Amino acid sequence: MIAYDTAIRGAFFDIAQVADSADDIARHARYLPDGVLFIAGGHIQALLPWQEGEQYLDPHKGYSDQSGKLLLPGFIDAHVHYPQTEMIGAFGEQLLEWLTTYTFPVESQFSDEAYAKEIAEFFLGQLLSHGTTTALVFCTLHPESVNALFTEALRLNMRLIAGKVMMDRHTPDYLTETAEESYQQTRALIQRWHKQGRLGYAITPRFAPTSTPELLSAVRQLRQAFPDTWLQTHLSENPNEVAWVKDLWPEHERYLDVYHHYGLTGERSLFAHGIHLEDREWQCLHETGSAVAFCPTSNLFLGSGLFRLPACWQHRVRMGMGTDVGAGTTFSMLRTLGEAYKVGQLQSYRLRASEAFYHATLGGAHALRLDEKIGNFQPGKEADFVVIDPAVTPLQQLRISRCKDIYEQLFVLMTLGDERNIRETWVNGERVWQASASSIG
């Protein structure tokens, strides 16, 4: 017998274990065209073919019939800025000018608790309605922004990692703090929120240009005091940014050397972008167990450059996918994967569907050191998943009807799909969003 609270029938696709190469991903891919998932206490008990699992169903409990739908592990967004939700699609600048023109003025509003709460609730609603169940999130400099986001995520029982942005130079006066203020506020937030429910805290220096040596020293102290927290920041996104770092930190030969000098690389460190890295930096990321986030829509929108996905495999560096809203132009991981494919094409790299969905699920969990908890349908994992209708438009219906196998279907989903394909999102064994209700909670 299988003890369970909930059973769901449908088609299932996941990657059974962490992979060492794109070919390895394909070997570990698992597809059940007709299966049944058993859930108890927010965790997966079993995933079985329907003919095998049907015998374990309790007639008094019934099951949710999602026949014709495809169930995937919940998407993992490895880099996103919730305060930038309202400025998505801001026109006409590259990174540094974009920050000054749009980002900093918008982020100044988050000292208002009511405003932060409003945007936090909207942001998490967007994640869930797009099938994202876990995210690594930048808040603003204001503790109010962190409190608002974590309060709502805790209510939803989401596995969410986030942190207050830390910055003490080269920002407007209204967004500048001292290193000591940043240290004290971050420490208090860690003590309040880290490991509450499924929440995790990420120490969050914005990037090297907005950090003094004193601030990065404070980050190092926090990292040492709370070694099971995460660290997130930006790295080598834009050529002008890279040149600026060289001017600001002449004692360090490379951009990553700045972070490494202060002990900020490591197994729970994730660096967003990494477009313009030198081989030595890739090697440092590998040696320290650090990870990177590939943010294709943002990189294209700001004209930052083309991320070299094959370099991750070559140097054995963990990688997750990031929407990077609001420079990124969508919350949809499906659309993000479609843009990642195009970035690969421009560099003669063929991103297969199995690899793409790996990076958005188990690969992202691996990058965040969460692959023992989320990322696939293995027994014991937390039951975060998404129910997808692969054919919600006439064009999709036509195209899917011509597909030969699940891999072709997944490729069509990531090139023609978007948030309209998301029918339900489940978090910790509970349905928290469904298309018909258009609401969460």
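A residue is called buried here when its relative accessible area is under 20%, exposed when that area is over 50%, and partly exposed in between. By that rule C312, at 4% relative accessibility, counts as buried. The structure is a predicted model, and the features described below are to be read with that in mind.

## Cysteines

C284 is likewise buried, with a relative accessible area of 7%. In general, a disulfide is a covalent bond between the sulfur atoms of two cysteines. How many disulfides does the model contain? The count comes to 0 disulfides, the criterion being a pair of cysteine sulfur atoms within 2.5 Å. For C284 the closest cysteine sulfur belongs to C312 and lies 14 Å away, which is too far for a bond. For C312, in turn, the closest cysteine sulfur is that of C295, at 11 Å, and this too is too far for a bond.

## Salt bridges

Side chains of opposite charge can pair when their charged atoms come close. The structure holds 21 salt bridges, among them the three pairs in the table.

| Pair | N to O distance | Relative accessibility of each residue |
|---|---|---|
| K117 and E121 | 2.6 Å | K117 45%, E121 30% |
| R155 and E152 | 2.9 Å | R155 51%, E152 8% |
| E424 and R431 | 3.3 Å | E424 8%, R431 41% |

K117 and E121 both belong to helix 4, which spans residues 113–129, and they are 4 residues apart, about one turn of the helix. R155 and E152 both lie in helix 5, residues 143–156, where a separation of 3 residues again corresponds to about one turn. An α-helix has 3.6 residues a turn, so residues three or four places apart point the same way.

The surroundings of these partners can be described from their accessibilities. In the helix 4 pair, K117 counts as partly exposed at 45% relative accessibility, and E121 is also partly exposed, at 30%. In the helix 5 pair, R155 counts as exposed at 51%, whereas E152 is buried, with a relative accessible area of 8%. In the remaining pair of the table, E424 is buried, with a relative accessible area of 8%, while R431 counts as partly exposed at 41%.

Beyond these pairs, R159, R198, E382 and D384 are linked in a network of salt bridges.

## The loop between strand 8 and helix 6

Which arginine is buried yet has no salt bridge? This is R169, whose nearest side chain of opposite charge, that of D168, is 5.3 Å away; a salt bridge would require a side-chain nitrogen of Lys or Arg within 4 Å of a carboxyl oxygen of Asp or Glu. R169 is found in the loop between strand 8 (165–166) and helix 6 (179–193). Leaving aside residues up to four places away in sequence, R169 touches T176, A208, P209, T210, S211, T212, L248 and W249.

H170 is placed in the loop between strand 8 and helix 6 as well. The phi of H170 is near 55 degrees, a positive value in a residue other than glycine, and H170 counts as partly exposed at 41% relative accessibility.

## Further backbone features

Most residues other than glycine have a negative phi, and most peptide bonds are trans. S348 also has a positive phi, near 60 degrees, in a residue other than glycine. S348 is found in the loop between helix 13 and helix 14, and with a relative accessibility of 72% it counts as exposed. A cis peptide bond joins V325 and G326, with omega at about 10 degrees; G326 has its place in the loop between strand 13 (318–321) and helix 13 (333–345).

## A covered helix and a nonpolar patch

Helix 14, residues 353–360, is mostly covered, since 8 of its 8 residues are buried by the under-20% cut-off. Its buried residues are A353, S354, E355, A356, F357, Y358, H359 and A360.

On the surface, L395, L398 and L416 make a nonpolar patch of about 260 Å². Of these leucines, L416 is found in helix 17, which spans residues 406–416, and it counts as partly exposed at 33% relative accessibility.

Terms used
Residues numbered from 1 in each chain as written. Predicted model: local features only at pLDDT ≥ 70, side-chain atom pairs only at ≥ 80, totals over all residues. Heavy atoms only, no water. Patch = residues over 30% accessible without salt bridge, like charges linked within 9 Å, V, L, I, M, F, W, Y side chains within 5 Å. Areas by Shrake-Rupley, 256 points an atom, 1.4 Å probe, with all protein chains shown as cover. Helix = DSSP H or I, 4+ residues; strand = E, 2+ residues; numbered from the N terminus. Buried < 20%, exposed > 50% of the residue type's maximum accessible area, 1.4 Å probe, protein only. Lys, Arg positive; Asp, Glu negative; His and termini not counted. Contact = heavy atoms within 4.5 Å.
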